[in-house]
Amino acid sequence: MAAGDGLTYAAAGVDITAGNRAVELMREHVRRTFRPEVLGDVGGFGGLFALEPARYRQPVLVAGTDGVGTKLKIAFMMNRHDTVGIDAVAMCVNDILVQGAEPLFFLDYLAVGKMVPEKVAQIVAGVAAGCRQAGCALIGGETAEMPGFYPEDEYDLAGFAVGIVEREEILDGSRLQPGQVVLGLASSGLHSNGFSLVRRALLVEGGYDLETELPEVGPLGEELLKPTRIYVASLLPLIREGLIQGLAHITGGGLVENPPRILPEGLNMRLDRRAWEVPPIFNIIQKVGKVPEAEMYRTFNMGLGMLVVVDAGDADRVKGSLEAAGERVFVIGEITPGRGEVEFVPELK
């Protein structure tokens, strides 16, 4: 700053001009997510979404929020920012989907150490791609430049999804009963959970770098950055047909802690661990990091991103429909009498 000049926001580290350029770069990505219910354009103080009351009898709004977590560290290390936005959307829309909700709209929150318009546009392009997969509109968000709070090359990313479901169609566990079949939908890999353990196991204990070529996996960095799978398009039609009795999104807490969240008192979920293929990356993490088996199942999805509970008589039909929609589907277990727990066969060590 020259002598006699006044202090500016830019001199303090916040570049409003760069922020405006970032908005212009992301504008078309955002517009491509708009549904007919969206009112207005990019840049308003709030996003407007006009519900059509005639379409619903007793509509219930379902909201969810989540972030990408320390998976972002992998994006920083690889200087690749076009996929983590999909993770942000997926973690939110998959969560509201399990209650039977159609995702309607999404808002993102991006906090950066330094505003680099092209990088921000990449991140938001990923968010928009996730919204298109989920069929929801990106109707708003916030990009905050926070110098001194985040390092210049780092950022945090979170999101908020709102969906809708008819009151009588809410999936809340009340439809579960003994004898129902549990299907597992394959994940795309690690999704967006457990990355503090992943980085410790592979990059510290294993001494790998992100360019390391692993058998059956390929470049480690590419494997770790695979975006979370979004299950909305394949499951929503079946939910509307009344063929789905329960859903569990396998996120933080893995296969141990997530299924009990949908189990009513008096029921267990029994899962046969021999019934699906565990992708190689999980076995590598367990071996290299010397991670106990029980810890793996409590932390990671182990190859299953969503569990689907159906009546036994509908299992073949639902499995076929999901496979036709592009999902890999495994028959992995059943609902049994119990105490609201997951039983594994064989038992975890």
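**A walk through the model, starting at Val181**

Val181 stands opposite Val310 in strand β12. That is where I'd like to begin, and I should say straight away that what we are looking at is a predicted model.

Let's stay with Val181 for a moment. Which residue of β13 does Val181 stand opposite? In β13, the partner is Glu334. So much for one residue; now for the strand around it. β7 runs from 181 to 186. It is joined to β12, residues 304-310, by six bridges, and the two strands run antiparallel. With β13, residues 329-337, β7 also pairs in the antiparallel sense, this time over five bridges.

Is β7 largely enclosed or left open? Six of its six residues are buried, so the rest of the structure largely encloses this strand. You can see that on both faces: Val181, Leu183 and Leu185 are buried on one side, and Val182, Gly184 and Ala186 are buried on the other.

Now let's step back to the annotated regions. UniProt, in an unreviewed entry, gives "domain: PurM-like C-terminal" to residues 177-342. Over that stretch the chain is 34% helix and 22% strand, with the end C-alpha atoms 14 Å apart. The record also lists "domain: PurM-like N-terminal", again from an unreviewed entry, for residues 60-165. Here the chain is 37% helix and 37% strand, and the end C-alpha atoms are 5 Å apart.

Next, please turn to helix α1, residues 16-31. Does its length fit its residue count, and how would we tell? At 1.5 Å a residue, the 16 residues of α1 should span 22 Å, and the end C-alpha atoms are indeed 22 Å apart, so the two agree. There is a bend along the way, though, of about 35° at Leu25. At the start of α1, a side-chain oxygen of Asp15 comes to within 3.1 Å of the backbone nitrogen of Thr17.

Which residues of α1 are buried? They are Ala18, Gly19, Ala22, Met26, Arg27 and Val30. It helps to remember that an α-helix has 3.6 residues a turn, so residues three or four places apart point the same way. In α1, the buried residues pack against helix α4 (117-134) and strand β5 (137-145).

Another helix worth a look is α3, residues 84-97, where we find Ala88. Ala88 is buried, because its relative accessible area is 0%, and buried means under 20%. Leaving out residues up to four places away in sequence, Ala88 touches Val68, Phe106 and Leu157. Tyr109 is 21 residues from Ala88 along the chain, and their C-alpha atoms are separated by 9.7 Å.

Two more buried residues have polar side-chain contacts to show you. The first topic is Glu293, in helix α10, residues 293-299. Is Glu293 buried or exposed? With a relative accessible area of 18%, Glu293 is buried. Its side chain makes a polar contact with the side chain of Arg273, at 3.4 Å. Beyond four places in sequence, Glu293 is in contact with residues including Gln286, Glu347, Leu348 and Lys349.

Then there is Thr212, in the loop between α5 (195-205) and β8 (213-214). Thr212 counts as buried at 18% relative accessibility. Where does its side chain reach? The side chain of Thr212 reaches the backbone oxygen of Asp209, at 2.9 Å. Not counting residues up to four places away in sequence, Thr212 touches Gly218, Pro219 and Leu220.

Let me finish with some backbone details. Most residues other than glycine have a negative phi, and most peptide bonds are trans. Asn79, in the loop between α2 (72-78) and α3, has a positive phi, near 50°. Met302, in the loop between α10 and β12, also has a positive phi, near 55°. Are these two residues buried or exposed? Asn79 is exposed, with a relative accessible area of 57%, whereas Met302 counts as buried at 2%.

Last stop: a cis peptide bond joins Val345 and Pro346, with omega at about -10°. You will find Pro346 in the segment after β14 (342-345).

Thank you for listening!

Conventions
Residues numbered from 1 in each chain as written. Predicted model: local features only at pLDDT ≥ 70, side-chain atom pairs only at ≥ 80, totals over all residues. Heavy atoms only, no water. Helix = DSSP H or I, 4+ residues; strand = E, 2+ residues; numbered from the N terminus. Expected span 1.5 Å × (residues − 1). Bend = angle between axes of the 7 residues up to and from the residue. Buried < 20%, exposed > 50% of the residue type's maximum accessible area, 1.4 Å probe, protein only. Contact = heavy atoms within 4.5 Å. Polar contact = N/O pair within 3.5 Å; in protein donor to acceptor, adjacent residues only side chain to side chain. UniProt positions renumbered as here; feature names shortened; annotations may be inferred. Pairing = 2+ DSSP bridges.
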